[in-house]
Amino acid sequence: MKGLRINIDKTLDFITTNDIRSYEYEMSEHIRDLVEKTGKGSEFTGWLGLPSETERDLLKDIRETVKNCTGKSEIFVVVGIGGSYLGARAVIDALNHHFVSLTQKKSRKHPIVVYAGNNISEDYLSDLISVLDKKDYSMAVISKSGTTTEPAIAFRILKQHIEGKYGKEKAAKRILAITDKEKGALKKLADAEGYKTYVIPDDVGGRYSVFTPVGLVPIAAAGFSISRLIRGARKMQEFLLNEEHLRDNPACLYAATRNVLYRRGKTTEILVTYDPSLQYFAEWWKQLFGESEGKGNKGIFPASVGFTADLHSMGQYIQDGERNIFETVIRVAKPKAEIRVPEAENDLDGLNYMSGKRLSEINEMARIGTQIAHVDGRVPNITISIPAIDEESIGALLYFFEFSCAISGYALGVNPFDQPGVEDYKTNMFALLGKPGFEEKTEEIRKRI
């Protein structure tokens, strides 16, 4: 399709086109499994049609609700963890001014979005509250159950704070709840307190939820176009579902290539970005693939780096370390701004040979030079190019990775929509904290400490 492009040429010193073509029939079957809901975890494939099924009325309602809720708010707090905040943060950080927190208040039309409930750091929450003491704010709490430990703790504390600051009735108008349609602690609380609510669909898991109100509400609060985001995703959805041939379907080509590399011993995939605004996009990507594929003692380990900065740290390992890695590079064709290197009369830094060149041109030469060096160092490279960092391109890229991850997980032989291993640490933590019903486990763990 126009826009997103994938290039696997720099993997072909390590695998063959025949290796990749051998997945042609399998990829078609996996797409059919998704569409016809015959694959593993099919009860959680509601994300597949979200872009085309999202109604304009919902988008309009979200925009109007966010405007009314935030009012004159300088800060909008998003309370959530994992998929309940990473998708929104990936989009907001990508589209935001790099120094949004330092821009003049009078130039901002929308609140700064900050995050809580994604850790249990006492200092983090204390610092946040010290800021909220002095700022006008509103918030969204995102949890299907309302009992997930980290966001539940944060919301309990922030609820007390916002009610103490504005009074219970006014505070209720500043809180949005994104939760289950009918059940759960948060739904019950929202109904009792009169919070405006949005639904997390039953058939959409957290890490695939960015195109539900889970992602759309915070993104709208930050002032970005959720209509354009959905439009980009919808175009990608329509293309991927209608292109059957592996060579012409970038999601299938990506999924097949990474699975072939995995079977050749490349067990770690590093997502590489060349713009710091994509840092949290990489964090979202790591959760998507790590939680979807890491099961049954198999799966590609997802890591990320931000170049060129990390070329001065992780670059040594990538170039000369263990040869079990491959890279997937996100290339952005057109930056938002233009800056050129000026000429210096004395040229003490020796950079006059670059004078007149745009930083984006230098960044691109760094990307190409790094790619050649890493391939020479036996690190295969996949390049995914997008036209720009804007709502449509990011929407398309998000959906591309969701689709790729689902069929890649099927090719790996796992259910890409569950996360059974996530519960293990919770059981131990609950037991150590003395949660009722965990008494036997408490004794067992204390003997091991």
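**Exercise 1. Which residues does Ile-20 touch, not counting residues up to four places away in sequence?**

Before the solution, some ground rules: this is a predicted model, where local features need pLDDT of at least 70, side-chain atom pairs count only at pLDDT 80 or more, and totals for chains, interfaces and linings use all residues. Residues are numbered from 1 along each chain as its sequence is written, and side-chain values use heavy atoms, with hydrogens and water left out.

Step 1: place the residue. Ile-20 sits in helix α1 (residues 17-21); helices (H or I, at least four residues) and strands (E, at least two) are DSSP runs, numbered from the N terminus.

Step 2: list the contacts, meaning heavy atoms within 4.5 Å. Ile-20 touches Ile-8, Leu-12, Ile-15, Leu-246, Leu-253, Ala-256, Thr-257 and Val-260.

Step 3: check burial. Ile-20 has 3% relative accessibility, so it counts as buried (buried is under 20% relative accessible area, exposed over 50%, partly exposed in between, with a 1.4 Å probe and protein chains only).

Step 4: try a long-range pair. From Ile-20 to Glu-345 you go 325 residues in sequence and 54 Å in space, C-alpha to C-alpha.

**Exercise 2. Work out the strand order of the mixed sheet, and say what packs on it.**

Step 1: the order is β1-β10-β9-β7-β8, an open sheet of five strands with mixed pairing. Two strands pair if DSSP finds at least two bridges between them.

Step 2: find the edges. β1 (5-7) and β8 (301-306) each have a single partner strand, so one side of each has no neighbour in the sheet. On average, neighbouring strands here are turned by 20° against each other, direction ignored.

Step 3: zoom in on one pair. Strands β7 (residues 268-273) and β9 (residues 325-334) run parallel and are joined by six bridges; Val-272 has Val-329 in β9 as its bridge partner.

Step 4: add the helices. Helix α12 (residues 250-263) lies across β1, β7, β9 and β10 (381-388), at about 155° to β10. Helix α15 (residues 359-376) lies across β9 and β10, at about 165° to β10. Axes are lines fitted to C-alpha atoms, for helices over the stretch in contact, and angles run from 0 to 180 degrees between N-to-C directions.

**Exercise 3. Do the same for the parallel sheet, then follow α7 to its helix partner α6.**

Step 1: five strands form this open sheet in the order β3-β2-β4-β5-β6, with parallel pairing. Its edge strands, β3 (112-116) and β6 (196-199), pair on one side only.

Step 2: pick a pair. β2 (residues 75-79) and β4 (residues 137-142) share five bridges in the parallel sense, and Ile-75 stands opposite Tyr-137 in β4. α7 packs on the sheet, touching β2, β3, β4 and β5 (175-179), and its direction makes about 150° with that of β4.

Step 3: take the helix pair. The axes of α6 (residues 122-132) and α7 (residues 149-166) come within 12 Å and cross at roughly 20°. The two are therefore roughly parallel (under 35 degrees; over 145 is roughly antiparallel, 65 to 115 roughly perpendicular, the rest oblique).

Step 4: name the contact residues. Leu-125, Ile-129 and Leu-132 in α6 meet Ala-154, Ile-157, Leu-158, His-161 and Lys-165 in α7.
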